[in-house]
Amino acid sequence: MPDLDDTRLQTPNRRFWTPLRLALIVLLIWAAWWTVPRLYPKYGDTDAVTARELLRDAALEAVLAGELERDNGAVYAVDVPQLATFAALSNDRELYDPLRDIILNQLLVTRVPGDPAHGMIAWRYREHPPEGELQRDASGTTEALRAAEALWHGVQACGLDDDRAAVALILDAYARHAAYDNGTWMIRNYFNLHPEVYNFITNSFLVDYDPDLLVMVSEAGLTGEQDWAEVAELSAEVIDKARTPSGLLHQMIRPEVGTIMPHLIREGFYSANGIEQLSNVLTVAERCTQTNPEISARVLEFARDRMPDLRLYYDANTGKRLRGEQDTWAGVETWGPLLRLAVKLDDDRTARVATRHVIGLSSGFPDYDGEDQIYLLGEALLALQYAIEQAEN
């Protein structure tokens, strides 16, 4: 029997680094080098300046092309002013001027003085409806605050002092939405502009309040027919009443609901189906850091404790994430206001985490063609602007 040590099975002497294999590896490396930069943006996950410039160029292209309409043919005010605020803060007149023009000439409702709708901001408009004229069906209170904010920053950053009167006009019209219902002060959600109705609607959402903005313009010396400082104080009280045990904020304000369930729904503050959308809560919190700092800090803590796995929806009272179809990951609509809130409250760690998420989540926006592109670009750009200004200061 042959000695196995002498008769081991021999395999061909194949070296790994054969010329063919080496050529294939080099080819794969070159292909990856050529392809990856074309699939993903040319910036790192913390390069806020480069990300801002890419998104800004995409926004400018869409604005100049007039690509602002949503699928139903309407331009929504929620899409325009936030982007305009970014443009004003960055002193980008090329982007700001056409957005300012939309605010003043399409969104701003001008009637004779004394008309209740005079100075209101339409929540949407259609420029070419079947009737052949500009169509605006209702006012928007959140939209009025955002429009006033954009124009105010335009006054401050771009020196457009003539727009001070427009800011005062808009905020006066916003304040006319105020009313008491069953002893609860609130900003009514909208004014129906249809000639056959033409009145205020009696409900309110918490995103309809921005006490910090009202305090800012008041302290800067801007005045109008209404007492905005008083409106700011009452707005801060509303936000205080909206707190939930988990640290979130109820978004619904309907005092008439409290009359039928007085022991469960205090003064009409509640959450639809017991659920809160974190993006809305953060939006409110970032706009009351001066008037309600404890509430803002509590909302920031809620989000920080759940990073980086933020969801869009949570149980309003327990703060637990939802399950099933409602277990939705948070997007730029959530990370954007979180980033701004963190900057305002000097939470550097949270701001850094949020910045990376905003950059990563918005990397595909330049090629995104969804109807909410302008809204998402505005959220991302304004958040990145805050992060960049924080880094520079």
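1. Is Tyr 76 buried or exposed? In this predicted model, Tyr 76 is buried, its relative accessible area being 12%, a value that falls under the 20% cut-off used for that label.

2. Tyr 76 belongs to one of the 6 aromatic pairs that a search of the whole structure finds. Its partner is Trp 123, and because the ring centres lie 5.3 Å apart while the planes stand at 85 degrees, the pair is edge-to-face. Trp 123, with a relative accessible area of 29%, is partly exposed, whereas Tyr 76 is buried.

3. As to where the two rings sit along the chain, Tyr 76 is part of strand S1 (residues 75-76), and Trp 123 is found in the loop between helix H4 (93-107) and strand S2 (124-125), so the contact ties together parts that are 47 residues apart in sequence.

4. A second edge-to-face pair is formed by Phe 191 and Tyr 198, with 4.9 Å from centre to centre and 80 degrees between the planes. Phe 191 counts as buried at 2% relative accessibility, while Tyr 198 is partly exposed, with a relative accessible area of 24%. Ring pairs also bring in Phe 200, linking Phe 191, Tyr 198 and Phe 200 into a cluster.

5. Charged side chains deserve a separate remark. Arg 70 lies over the face of Tyr 76, at 5.3 Å from the ring centre, so that Tyr 76, which pairs edge-to-face with Trp 123, has an arginine over its ring as well. Elsewhere, Arg 306 is placed over the face of Phe 302, at 3.6 Å from the ring centre.

Note on methods: Residues numbered from 1 in each chain as written. Predicted model: local features only at pLDDT ≥ 70, side-chain atom pairs only at ≥ 80, totals over all residues. Heavy atoms only, no water. Phe/Tyr/Trp six-rings, centres within 6.5 Å; stacked < 30°, edge-to-face > 60°. Helix = DSSP H or I, 4+ residues; strand = E, 2+ residues; numbered from the N terminus. Buried < 20%, exposed > 50% of the residue type's maximum accessible area, 1.4 Å probe, protein only. Lys NZ or Arg CZ within 6 Å of the ring centre and 35° of its normal.
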